[in-house]
Amino acid sequence: MVKTVERNYEKVELHALFTGPHDIADCYVQIHAGAGGTEACDWASMLFRMYLRYWERQGWDVSEVDRTDGEQAGIRSITLVVKGTYATGLMNCEVGVHRLVRISPYDANARRHTSFASVDVTPVFENEGVELEIPEADLEIIAFVRASGPGGQNVNKVASAIRVTHKPTGLQVVCTSERSQVQNRVLALNLIKAKLQKLEEAKRDAELAKLYGEKGEISFGSQIRSYVMDDRRVKDHRNGHEVFQPDRVLDGDLQEFIDAQLRFKALKR
């Protein structure tokens, strides 16, 4: 009984740290592999698995919007819709570059490799995003059919796809998750609108550089967190929180890192 009360109190305490107008909303999560070929793609897939486990623990619903697999293994990029209370507020703590250091399973000489992948989060604007008007001349919408990966007996599955590009900003979204191009078009436009809404809010709040500066380049020196497998250590470089059980973290036990970042951001305000 006491433990239950303590857990509920901690949740209330953490929820009080959310100050963003969309922290309670669902979100789009994008994971991109950095430079490094197969190593980076494999790391992106490891991050994807880590977040899936975390979302399962939260009881959230997750669906895939678009995915590009690596040439040999892993994921080049993936976009997902994550539906859960405070999904945006919690996942915003994960925005940035994540660095993996390990003995590579792809290196015949068993050398130590460093890989990078980035995580980005955009709120799902249920109302604002749909109402945002974008001039048709600002959009390039291309419908196409693409192979989405091996199906039965190594035959590629074919997916209807839509690519939407916002010309003034260069923002681009590809959606392949739905069965029809009409459905993919609606989803792609909503995602573009959500990204534009986020940019507009950041400009109004004079935080554009802050929001995207934290993510920076997907390379050395810009990471928010390092996962060092041979040292058995995961460290968040923003707040100094450290765990010496990387396997546990990679299995989705992320909450203490998210809590630490929420408290760190609250102290900075």
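This section describes the confidence, nonpolar cores, helices and salt bridges of a predicted model.

Across the protein the mean pLDDT is 83, and 80% of the residues score at least 70. Confidence varies among the elements: the highest mean pLDDT, 97, belongs to strand S10 (residues 233–236), whereas the lowest, 48, belongs to helix H6 (residues 208–213). The stretch formed by residues 150–157 has a pLDDT below 50, and in the model this stretch makes 12 contacts beyond near neighbours in sequence.

The largest nonpolar core comprises 42 residues, and those with the most contacts inside this core are Val29, Tyr51, Trp55, Met91 and Tyr227. At least two residues of the core are supplied by each of strands S1 (27–33), S3 (75–83) and S5 (112–123), and likewise by each of helices H2 (38–58), H3 (87–91), H7 (246–250) and H8 (255–268). Helix H2 provides the largest share of this core, with 10 residues. A second core of 19 residues is separate from the largest one, and includes Val81, Val164, Cys175 and Leu187.

The surroundings of Tyr227 can be described in detail. With residues up to four places away in sequence left out of the count, Tyr227 touches Trp43, Leu47 and Met50, the run of His98, Arg99, Leu100 and Val101, the pair Arg233 and Val234, and also Val249 and Leu250.

Helix H2 agrees with the expected geometry, because its 21 residues should span 30 Å at 1.5 Å a residue and its end C-alpha atoms lie 30 Å apart. Just after H2, Gly59 adopts a positive phi of about 75°. Helix H2 also contains Asp42, which counts as buried because its relative accessibility is 12%, under the 20% limit. Beyond residues up to four places away in sequence, Asp42 is in contact with Ala73, Gly74, Arg102 and Tyr106.

Helix H8, with 14 residues, reaches 20 Å from its first C-alpha to its last, close to the 20 Å expected at 1.5 Å a residue. The buried residues of H8 include Phe257, Ile258, Asp259, Ala260, Gln261 and Leu262.

A search of the whole structure identifies 16 salt bridges. Arg67 takes part in two of the pairings described here: with Glu64, where the closest N and O atoms are 3.8 Å apart, and with Asp69, where the N to O distance is 2.7 Å. Arg67 counts as partly exposed because its relative accessibility is 30%, between the limits of 20% and 50%. Its partners also count as partly exposed, Glu64 at 38% relative accessibility and Asp69 at 36%.

Another salt bridge pairs Asp236 with Arg238, the closest N and O atoms being 2.7 Å apart. Both Asp236 and Arg238 are buried, whereas Arg67, as noted above, is partly exposed. Through salt bridges that share partners, Asp236 and Arg238 are joined with Glu94 and Arg225 into one network.

Technical notes. Residues numbered from 1 in each chain as written. Predicted model: local features only at pLDDT ≥ 70, side-chain atom pairs only at ≥ 80, totals over all residues. Heavy atoms only, no water. Core = buried A, V, L, I, M, F, W, Y, C linked by side-chain atoms within 4.5 Å. Buried < 20%, exposed > 50% of the residue type's maximum accessible area, 1.4 Å probe, protein only. Helix = DSSP H or I, 4+ residues; strand = E, 2+ residues; numbered from the N terminus. Contact = heavy atoms within 4.5 Å. pLDDT = per-residue confidence, 0-100. Expected span 1.5 Å × (residues − 1). Salt bridge = Lys/Arg side-chain N within 4 Å of Asp/Glu carboxyl O.
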